[in-house]
Amino acid sequence: MTAAPALSVAGLTVAFGGIVAVNDVTLDLPVGARHALIGPNGAGKTTFVNLLTGTLKPTAGTIRIGDEDVTRLDTRSRVKRGLTRTFQINTLFAGLTPLEAVSLAIAERDDLAGIWWRRLGGFPAVRDEAEALLSSLRLIEHARVPTGELAYGKQRLLEIALALAAKPRILLLDEPAAGIPAGESREVFEVVDALPDDISVLFIEHDMQLVFRFARRIVVLTSGSVLAEGTPDEIRRNDDVRAAYLGSTHV
Amino acid sequence: MPLTLPRRGLFALEILFWIALAASFFVFPDRLYLLTQILIAALFAVSLDIALGYAGILTLGHAVFFGMGAYAAGLLAKAGWAEPLTGLALAFVLCGLVAYALSVMIVRAGELTQLMVTIAVGAIVVEIANQATPITGGSDGLQGISMWPVLGAFDFDLWGKTAFVYTFVVVLALFIVVRRMLQSPYGLALKGIHGNRKRMYALGSPVEGRLRFAYAASAAIAGVAGALLAQTTEFVGLDTLSIDRSAAVLIILVLGGTGRLYGGIVGAIVYMVVHDFFADLSPEFWMFWLGLFLMAIVMIGSGGILGGLSRLVRSERS
Amino acid sequence: MGIVVFDGLAFGALLFLISVGLSVTMGLMNFVNLAHGAFAMAGGYAASVVMNAYGFGFPAALLAGFVAGAVSGAAVEVLFVRRLYRSHPLEQVLFTIGLVFASIATATYFFGPTMQPFSIPPYLEGNFAFLGAELSRYRLFLIVVGVIVVAALVLGLDRTRFGAMIRAAVDNQRVARGCGINVDRLFLATFTLGCGLAGFGGALSLGMLTLNPIFPLKYMVYFLMVVCVGGAGTITGPFLAALIVGIGDVAGKYYVPQTGGFLIYLLMLALLLARPNGLVVKKGAR
């Protein structure tokens, strides 16, 4: 018997009016996975992530975290079970510093953020953990600068830091390097690569070089359906994928 | 280049500010009534800041809680228990509970709906108070309140000395609680929700619960401000509940600066003093300039008095 | 019963005329405008001046009301409002409250705090009998005008190029801009038309409501209620909502006078709870 996958999705479907955005997707994310989710614009990748996090409710299908069916649970319950995400477009707290933002994420994780009668400074463990996390992402020298004043690339790293602060078991990265110049996007993916092996990662990415370098398996989504799934080599050789998605692009 | 203040300097400034407020007791002994009114308006504006400036709830009906607190304290006194602190506690608890119940309708709604719900609730409560003449005195107001001495020792005197000191102590105590709340993990969570609600959901934050608590806390403190008014003036009028008062407190807060802790207090001092200064002029004159001032403050976009100050003076970040 | 419904419909038609512009501008520009009643008031005073001071007839007064609303609306849009479309709703609320205050003070200064005199033109005066009830001619006129305007607006929005542009911009402003629609000019035109209709409604209201300087504040909640209940950005939504609010208000005041006007607020809360996005949801909104 193998252990249950970290995340498993069966027959997941969502339709808006007459448009089926995600169509009967079945997918397992094993523990320690490094899956890439690729597909043309409008293939339903972000919608799929929104279904996984509970932002959207599926029309049909189930989502399981480990052994537990979470299809009907809200976002908060899924975060509590170790599922977190980043956003394609920076979704940060412009007025807070990275240290404050990560401290907040940790406080929410540990259910401390309802405490109103004690100073934030009275929780040294939160501060220490936040500083350690920011150090590991090489953000510590920017820890006290308001997020809105950070360079764009640093903001992308902070996106990941906020997701990691929840101590996830499953991490969904929606184009983590989106908008970063090609030369610098490697830095973001090196952070992903260095994550501990018990975290399962699913990332959306358009840069095929990054995908083939960092993904251990690739899922190809077109028009809301899984076109192919396999190792990078299998996907590279897959004729359907070439025809439908990669086109004549040399990879 | 803004002048940077060390954190210690900022704290010293706060202490000085409160000492100056207290000292006004000796500097303007014949204006104690106005000073007490300023303190009450300041507390009310600070309470609104929790809901509006920190939690981001758009409300044009906060006077509902101010007035409810005033009537609660006044009615308790008339019913035979005129002990001041009990009146404050009753107002606090009552307004907190009512607001918590109402908050279901408010925290999930869009801004326009929030506005409408708060206006509608305000209108309903005014009408109820207006109709329940046997209890509230209707449009004549609640008269004949006579408070017992504070702590059984300090009688409310004709010159308003006790009223001022009593109000000052209560306002300062509640302000310290609010200040602590905004420096707590919960305060940080409120800033997070105000800054980016979508991210807070993604962090697993129970956003609605957090906002409901903020709205209830805000209302409870507004209730205490109203109770202070009832106890120190020994009268409660329908205007305590009115949309005019809701608009006035909003103006006071915006004048001082929202989301800045001291914005409500600074706004109250400036607004009340200016209002007092122009009180002899016709009300249309006051209304005209207030209207123009509001339009100007939005077009210039200064973030209030404290917003303007903060561009000149910065403090170190924690 | 019949007379309550009839008077309610007349009040509703008036509310619709004044509020429909507010609904479209809120749906189109997400602009929270508490000062819409000020444009109706401008129309009311203009009509009153044209009739009382210059001796023109009722039709000219209605035209003057429309023009006064439209001109003041256009001026306010160009000078201020267009810079506030992207502002936080709180700033829009503050600005428009300021505008309400300033307009009340200005009206008081020029016209005094008392109600404006108005006499209904002879051909609309008096009552007529219908199914045993004595109904006011003037109120019938209001209902007819309301129906004509709603029909014209629905047709105009549906059939004209201008209407198509408004619908496109309500649906998705960015795409509309991308399609070469001059959204800024569209906003100005819509705001102007909406304020013109408000001024027209304000002129008509002379025969049913009292016109004094606190008009914008006194009826503000009614206008907002119509938009909020009807759903911003549509024509039929506010029309339905205006009729419901009109009938509800008249019925409340008629049958349970001691509870005064507050039944209508309860009604609104109930409607808001049942349909948080309004009775008729604009297309493209989820």
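**Exercise 1. Find which residue Ile65(A) stands opposite in E5(A), then place that strand in its sheet.**

Step 1. Opposite Ile65(A), in E5(A), you will find Glu68(A). This is a predicted model, in which local features need pLDDT of at least 70, side-chain atom pairs count only at pLDDT 80 or more, and totals for chains, interfaces and linings use all residues. Residues are numbered from 1 along each chain as its sequence is written, chains are lettered from A and ligands numbered from 1 in the order in which they are written, and side-chain values use heavy atoms, leaving out hydrogens and water.

Step 2. Strand E4 (residues 60-65) of chain A runs antiparallel to E5(A), and 2 bridges join them. Strands pair if DSSP finds at least two bridges between them; strands (E, at least two residues) and helices (H or I, at least four) are DSSP runs, numbered from the N terminus.

Step 3. Now widen the view: the open sheet of chain A has 4 strands in the order E2-E1-E4-E5, with antiparallel pairing. E2 (19-29) and E5 (68-69) of chain A each have a single partner strand, so one side of each lacks a neighbour in the sheet.

**Exercise 2. How many residues does each of chain C and chain B give to their contact?**

Step 1. Chain C gives 39 residues and chain B gives 33, where contact means heavy atoms within 4.5 Å.

Step 2. Look for charge pairing next: the count between chain C and chain B is 0 salt bridges (a side-chain nitrogen of Lys or Arg within 4 Å of a carboxyl oxygen of Asp or Glu).

Step 3. Finally, find the main contributor: H4(C) supplies the largest share of the side of chain C that touches chain B, 15 residues.
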